[in-house]
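Biologist: Please take a close look at a single helix in this model. Tell me what is covered there and what it packs against, then work outward to the rest of the chain.

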Amino acid sequence: MTKDSETDHDHTDHTTDRTDRVATAEATVPPSSERTTDLRPGADNCYKCTACDTSCPVAEVDDEFPGPKFQGPEQWRLKRSEDTDIDESITSCSNCMRCDSACPSGVPLSQMHNTARGEYVEGMSKLSREYVRNRILANYGRLARIGSRVPRLTNFVMSNRVTKWFNERLLGIASEREFPAFATQTFGEWYEERGGPQIESEDRRIAYFHGDYSNFNTPEVAKALVRVFEAFGYEVVVPEQRCSGTPMFANGMLEDARRAAEFNVDTLSALVEEGYDVVCSCTSCSMALRQEYPELFDFEGTEQVAAHTYEALEYLRLHEDLDGALSESEVDGEHPELAYHAPCHARNQGLHRQALELFRELDGVAIEDVGDSCSGISGTYGWKSEKYDYSMEIAEEMFEHMEDADGTTGLTECPTCAMQMEHGTGYEIDHPLEVIEKAVV
Ligand code: SF4
Ligand code: SF4
């Protein structure tokens, strides 16, 4: 099933936009080793076309949010002339990164937003309710590590109405949200129990970056990845890892993100040296490793890990004939109609058409695109009580398209988009890897 000459470790057209954007940003912004928070030179590329503003889902529903142009180039220009403080409104940016893709001028918007948010959060009172709440949400993986030791008890306590009421009153966590249940066996435990990799290979070897959610909440997605890659003859190793940092970036917790990223880069770069590529099942994880790490950090091996990181479907399409394998397969009708939502971070990596292209050729499956809107939850944004209504308003278009679709199963690569899809429609939500598993394993 190997696609011979296309198996080099380069990224393809899927990531051309991202690569160009990063290259343009690097041409105007000093390398991270020479800067702290100075992105002022990057602001000069902005010619005020407002394309970023019109692409921003938060600006569309929140009249008080000034939009990405202000958060990015305008704030950094202001800092150049007066060295002003970062505006509080930066905390309302959900880090969906849609403005990044919209900018025709390669302004490093999300890098500016992440850096500005980090600077703003540095100055926040560490005892304020907002800081404590955001730190908890940003460090979900740490809490999950503790809670998943007694999953049934934690699930009972966290889904209890009294707990939700306290979380809302004390911390500002939206009580409307359903707590994502912990699995009774984590993916890591399952992987260890089965004895690690079942295949050894010199030329087909991947290091799986599963992220926290697949480990603690949806191990079936992570297991599907392992089984699918093994079906294609791959050795799949699962290195020790920490959160990719996505919720930390979104909440301005840059020191937490730095620690997690340093650990991940250290572990993954050693494997890349040994010939492994890094594969993610979550598009926000691949986004963090490929774009946010090199934009914000300069640990040894950061660029190397970024250059060897892929999303799972992308990797199999590049290195194997996944399209051909699926067109010759069928599934048994468990997935009659799939309402597919492309996560914003998949869109930013040019990966938003993959599932549609692949599953249109798969017998036993029909797939419908539910449009190009943001799901509105953006990781932790929709969990904040003051943002919950905006989050649901942003998602309205997606919910309507899902309701119009013939099936009652949703499909997406992002675990928090899946939460929002389920929350708004009651549909069961699958990951594309689970469908591929049914077809090829
Ligand atoms: S990252 Fe998303 S929410 Fe933030 S400014 Fe850009 S488009 Fe708006
Ligand atoms: S899209 Fe780019 S060039 Fe246009 S206003 Fe936004 S940052 Fe400036």
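**Helix α18 and its surroundings**

Modeller: The buried residues of α18 are A312, L313, E314, Y315, L316, R317 and H319. Keep in mind that the model is predicted. The helix spans residues 312-319, and seven of its eight residues are buried. That makes α18 mostly covered. One general point helps in reading such a list. An α-helix has 3.6 residues a turn, so residues three or four places apart point the same way.

What do the buried residues of α18 pack against? Helices α13, α19 (322-327), α21 (354-359) and α24 (432-440) are among the partners. Strands β3 (277-280) and β4 (309-311) complete the set.

Take the β3 side next. V279 touches A312 and Y315, both of which are buried residues of α18. Leaving out residues up to four places away in sequence, V279 also touches I206, Y208, F209 and Y310. V279 and H308 are 29 residues apart along the chain, yet their C-alpha atoms are separated by 8.4 Å. H308 sits in the loop between α17 (302-307) and β4. It counts as buried because 24 C-beta neighbours lie inside 10 Å, and the cut-off is 20 or more.

V279 also leads into the core. The largest nonpolar core has 114 residues. Y208, L225, V279 and L289 are those with the most contacts inside this core. Helix α13, residues 219-231, gives the most to it, with seven residues. α13 is also one of the elements that the buried residues of α18 pack against.

Now the chain as a whole. Its secondary structure comes to 24 helices and eight strands. Of the 441 residues, 51% are buried. Consider contacts between residues at least 6 apart in sequence: 77% of them join residues at least 24 apart.

Another buried histidine is H423, in helix α23 (residues 415-425). H423 counts as buried because 21 C-beta neighbours lie inside 10 Å, against a cut-off of 20 or more. H423 touches R177 and E178, again not counting residues up to four places away in sequence. The C-alpha atoms of H423 and F399 are separated by 9.7 Å, with their positions 24 residues apart along the chain.

The ligand shells come next. Ligand 1 has 15 residues around it, and C56, P68, C93, C96 and C99 come nearest. Four helices each supply at least two residues of this shell: α3 (57-61), α4, α5 (98-102) and α6. By type, the shell around ligand 1 has eight nonpolar residues, six polar and one charged.

Ligand 2 also has 15 residues around it. Here C46, C49, C52, C103 and V107 come nearest. The elements giving two or more residues to this shell are α2 (51-55) and α4. The largest share, three residues, comes from α4. The shell around ligand 2 divides into ten nonpolar residues, three polar and two charged.

Helix α4 thus deserves its own look. Its axis comes within 9 Å of that of α6, and the two cross at roughly 80°. The helices run over residues 68-82 and 109-122. α4 and α6 are therefore roughly perpendicular to each other. On the α4 side, P68, Q71, G72, Q75 and W76 make the contact. They meet L109, M112, H113 and A116 in α6. The residues of this contact divide into five nonpolar, four polar and no charged. P68 appears again among the residues that come nearest to ligand 1.

Last, two backbone details. K48 lies in the loop between α1 (16-28) and α2. Its phi is positive, about 60°, although K48 is not a glycine. K48 is exposed, with 11 other C-beta atoms within 10 Å. T50 is found in the loop between α1 and α2 as well. Phi of T50 is near 70°, a positive value in a residue other than glycine. T50 is partly exposed, with 13 other C-beta atoms within 10 Å.

Terms used: Residues numbered from 1 in each chain as written. Chains lettered and ligands numbered in written order. Predicted model: local features only at pLDDT ≥ 70, side-chain atom pairs only at ≥ 80, totals over all residues. Axes fitted to C-alpha atoms, helices over the stretch in contact; angles between N-to-C directions. Parallel < 35°, antiparallel > 145°, perpendicular 65-115°, else oblique. Contact = placed C-beta atoms within 7 Å. Nonpolar A, V, L, I, M, F, W, Y, C, P; charged D, E, K, R; others polar. Near = placed C-beta within 6 Å. Core = buried A, V, L, I, M, F, W, Y, C linked by C-beta atoms within 7 Å. Buried ≥ 20, exposed ≤ 12 C-beta atoms within 10 Å, placed from the backbone.
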